[in-house]
Amino acid sequence: MPASPTKRSTKTAAKPRSAAAKRPAAKRAAPALGNALDVRITHPERVVFPDTTITKGDVAAYYAAIMEWLLPEIEKRPLSIIRCPDGAGATCFFQKHHADKLGAHVGSILLREKTGSDRYLYVDDPRGVLELVQMNTLEFHPWGSRIDEPEKPDRLVFDLDPAPGIGWSDLVAAAKDVRTRVREHGLESFARLSGGKGVHVVVPIRRGPLWNEAKAFCERIADEMAADEPNRYLATASKAAREGRIFIDWLRNARGATSVASFSLRARAGAPVAMPVKWEELARIRSPNAFDLVAALKRVKAMRAHPWGDYAKTKQSLPRVSTRR
Ligand code: ATP
Ligand code: MN
């Protein structure tokens with residue numbers, strides 16, 4: 001169920017820029033925050049990434065600056081967030097359930113769970129994003145489906161998780177292998193640096209199939225890769241068995257699973273960003289965490305179009321998969 005009307009955005013609430021700028025300066029150490037949205041950020045001076053000078057104010061300014069790119073990735077999708085009340089160097093937690101205190105522009109949607117149902121959170125308004133930042137959110141992780149049809153994914157993700165020691169070129173080759181495999185099924189795909197250790201290959205699909213069908217397709221791709229090249233790939237999550245290989249994680253494509261959003265910060269050392277890239281760019285990039293907050297801002301400011309082109313408009317249907325079990 002969508003949020004109650006009082007939770008929804010209203011176009012009238014935003015104060016003019018000048019009024020926001022005249023707000024008490026004392027608590028607004030970070031200049032302007034790039035936040036013309038009138039979302040109050042407390043303690044903007046607090047450093048949230050240890051070993052950097054990046055503050056909560058910088059994080060808010062980052063999200064405000066890249067909002068037009070982030071919001072389409074996450075809006076109207078059930079959303080998990082990673083909140084780090086004491087910064088990225090301390091305890092952080094995943095949150096998927098809505099709470100009123102998250103903010104007036106953070107929506108809630110009732111979703112079924114193993115037993116019963118609960119309210120999940122979502123945003124569809126820049127103010128909601130910044131309210132979550134005010135609540136110390138660093139990372140945004142959407143479902144691959146939207147709140148109007150949560151049972152039907154419109155986006156699949158292959159999460160490539162390399163064992164320690166796997167080089168960048170092997171990871172790039174793996175991502176391209178996934179691309180080739182799904183292309184054999186008529187599907188275009190797109191690459192994202194996770195901001196951590198891996199690369200995600202994202203496949204937009206027309207809505208229709210349910211999660212189980214989508215998952216079966218992804219499992220099949222991963223199984224085929226592991227069967228054909230067992231020295232390079234594996235399709236089972238066991239860390240112990242991963243040695244020297246890349247885990248093609250297809251399990252992200254289950255109902256309730258999430259993947260980090262493009263342009264989301266990661267709560268990891270150095271403030272890396274999950275960055276979508278063009279396939280041609282991959283070879284030139286050094287690592288999955290090549291873009292930190294500063295580099296990401298620079299890139300996004302110079303960006304005329306999304307690196308994935310108009311992938312959101314990609315119309316392609318998941319092929320039917322015969323289930324083997
Ligand atoms: P890396 O490249 O370092 O693997 P990643 O974002 O792919 O970064 P994973 O640990 O592989 O991180 O997890 C894949 C996805 O699973 C994450 O992007 C996140 O959305 C989800 N996830 C990870 N840990 C949890 C958790 N504790 N609770 C819920 N979802 C999680
Ligand atoms: Mn991963």
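The turns below walk through a predicted protein model.

Modeller: Residues are numbered from 1 along each chain as its sequence is written, while chains are lettered from A and ligands numbered from 1 in the order written. Local features need pLDDT of at least 70 and side-chain atom pairs count only at pLDDT 80 or more, whereas totals for chains, interfaces and linings use all residues.

Biologist: What share of the residues in the protein is buried?

Modeller: A residue is buried if 20 or more other C-beta atoms lie within 10 Å of its own, exposed if 12 or fewer, and partly exposed in between; C-beta atoms are placed from the backbone. The protein has 325 residues. The buried share is 44%.

Biologist: Where does the largest nonpolar core lie?

Modeller: A nonpolar core is a set of buried Ala, Val, Leu, Ile, Met, Phe, Trp, Tyr and Cys residues joined through C-beta atoms within 7 Å. The largest has 82 residues, and Leu160 is one of those with the most contacts inside it. Domain bounds come from an automatic or database domain assignment. Both domains give residues to this core, so it lies between domain 1 (5-142) and domain 2 (151-325).

Biologist: Where does the shell around ligand 1 lie?

Modeller: The shell has 14 residues, with a residue counted if its C-beta atom, placed from the backbone, lies within 6 Å of the ligand. His141 and Ser194 are among the closest. Both domains contribute residues, so the shell lies between domain 1 (5-142) and domain 2 (151-325).

Biologist: Which strands stand at the edges of the open sheet?

Modeller: Strands (E, at least two residues) are DSSP runs, numbered from the N terminus, as are helices (H or I, at least four). Two strands pair if DSSP finds at least two bridges between them. The sheet has 6 strands in the order β9-β10-β6-β8-β7-β11, with mixed pairing. Each edge strand has a single partner, so one side is left without a neighbour in the sheet: these are β9 (233-234) and β11 (275-277).

Biologist: In β10, what is the bridge partner of Leu234?

Modeller: β10 covers residues 246-249. β9 and β10 pair in the parallel sense over 2 bridges. The bridge partner of Leu234 is Phe247.

Biologist: Is Asp51 buried or exposed?

Modeller: Asp51 lies in the loop between α1 (17-21) and α2 (56-65). Its phi is positive, near 70 degrees. Most residues other than glycine have a negative phi. Asp51 has 11 C-beta neighbours inside 10 Å, so it counts as exposed.
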